[in-house]
Amino acid sequence: MSYDYLFKYIIIGDTAVGKSCLLLQFTDKRFQPIHDLTIGVEFGTRTIELQKKSIKLQVWDTAGQDNFRSITRSYYRGAAGALLVYDITRRTTFEHLTTWLEDARELASPNMTIMLVGNKADLDKSREVERAEGEEFAKRHGLIFIETSAKTAENVEKAFIDTARSIYGKVQEGELSGGAGPEGVKIGPGATPGVDADESGCGC
Ligand SMILES: Nc1nc2c(ncn2[C@@H]2O[C@H](COP(=O)(O)OP(=O)(O)OP(=O)(O)O)[C@@H](O)[C@H]2O)c(=O)[nH]1
Ligand SMILES: [Mg+2]
């Protein structure tokens with residue numbers, strides 16, 4: 001399928017916060033109740049429509065476990081968007097956000113859009129991080145903020161689409177070139193039917 005633009009995303013955050021479940025809900029509209037630990041990096045794609053443009057999102061889902069950190073770190077470069085995820089029922093995952101942000105600031109393009117995602121909003125009774133704390137953190141660090149549930153699908157589409165909207169805004173403002181550079185945005189084959197250079201997901 002042809003597309004007008006391709007945006008590369010990464011999903012980062014501690015283990016078991018629900019990164020893979022968010023991606024699965026976005027690409028397949030289903031929920032995986034068992035923690036299927038991500039080894040290294042996996043990826044998924046979905047094409048969305050935004051302002052009459054078709055935008056292919058190529059999403060790299062990274063492993064949150066510490067021992068995969070060096071692999072994860074090699075995926076920041078070349079991402080136009082990041083979902084930085086914590087679990088609203090585990091305060092430690094919120095406390096670790098600064099470490100994840102340090103990696104992002106060091107390794108990613110300064111133009112990368114970062115969406116802070118407080119996941120597992122369906123478990124409000126076990127909440128350890130207030131919504132206002134997430135909002136405040138996002139504001140302080142210049143991030144967009146949303147609370148989601150990969151289980152009920154609440155706000156999952158919005159998290160991915162609002163990120164794309166922000167990236168598209170930067171493309172229109174000329175802040176992202178849309179060339180083959182390291183910023184995670186490519187102009188697609190568009191009107192050329194049957195050509196889909198990135199179907200392999202190699203990102204090269
Ligand atoms: N109730 C609830 N459970 C969730 C939600 N999202 C994920 N989970 C559960 O949390 C656990 C971890 O989810 P994963 O998506 O595998 O976590 P991950 O962040 O990809 O973990 P790593 O791959 O180890 O980095 C699983 O048991 C999921 O079913 C959610 O929104 N609500
Ligand atoms: Mg995972």
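Author: Happy to talk through this predicted model. Let us begin with a definition: a residue is buried under 20% relative accessible area, exposed over 50%, and partly exposed in between.

Reader: Thanks! Why is serine 20 called partly exposed?

Author: Its relative accessible area is 26%. Partly exposed covers what lies between under 20% and over 50%, so serine 20 belongs there.

Reader: And what makes threonine 38 count as buried?

Author: Threonine 38 has a relative accessibility of 7%. The cut-off for buried is under 20%, so threonine 38 counts as buried.

Reader: How do you know that Ser20 and Thr38 coordinate the magnesium ion (ligand 2)?

Author: Look at the distances: OG of Ser20 and OG1 of Thr38 are at 2.0 to 2.1 Å from the ion. A donor must be an N, O or S atom within 2.8 Å of a metal such as this, and water is not among the atoms, so the site may look incomplete. Serine 20 sits in helix 1 (residues 19-28) and threonine 38 in the loop between helix 1 and strand 2 (41-50), so the pair ties together parts that are 18 residues apart in sequence.

Reader: Nice. What makes the buried residues of helix 4 line one face?

Author: The buried residues of helix 4 (residues 97-107) are Leu97, Trp100, Leu101, Asp103 and Ala104. Down the helix axis they fall within an arc of 155 degrees, so they line one face of helix 4. The face turned away from that buried side carries the exposed residues Glu102 and Glu106.

Reader: What do the buried residues of helix 4 pack against?

Author: Their partners include strand 1 (5-12), helix 2 (69-73), strand 4 (81-87) and helix 5 (131-141). Contact here means heavy atoms within 4.5 Å.

Reader: How do you know that the buried residues of helix 5 line one face?

Author: In helix 5, Gly134, Phe137 and Ala138 are buried. Seen down the axis, they fall within an arc of 95 degrees, so they line one face of the helix. On the other side of helix 5, Lys139 and Arg140 are exposed. Among the elements covering the buried residues are helix 3, helix 4 and strand 6 (144-147).

Reader: Finally, which residues are closest to the centre of the largest pocket?

Author: That pocket has a volume of about 590 Å³. Of its 33 lining residues, Gly18, Ser20, Cys21, Gln32 and Ile34 are the closest to the centre. Helix 1 gives the largest share of the lining, six residues. By type, the lining divides into 13 nonpolar, twelve polar and eight charged residues.

Notes: Residues numbered from 1 in each chain as written. Chains lettered and ligands numbered in written order. Predicted model: local features only at pLDDT ≥ 70, side-chain atom pairs only at ≥ 80, totals over all residues. Heavy atoms only, no water. Buried < 20%, exposed > 50% of the residue type's maximum accessible area, 1.4 Å probe, protein only. Helix = DSSP H or I, 4+ residues; strand = E, 2+ residues; numbered from the N terminus. Arc of directions from axis to C-beta. Donors = N, O, S within 2.8 Å, 3.2 Å for Na, K, Ca; no water. 1 Å grid on protein atoms, 1.4 Å probe; cavity = no way out; pocket = protein on both sides within 12 Å on 5 of 7 lines; lining within 4 Å. Points joined across faces, edges and corners; volume = space filled by probe spheres on them. Nonpolar A, V, L, I, M, F, W, Y, C, P; charged D, E, K, R; others polar.
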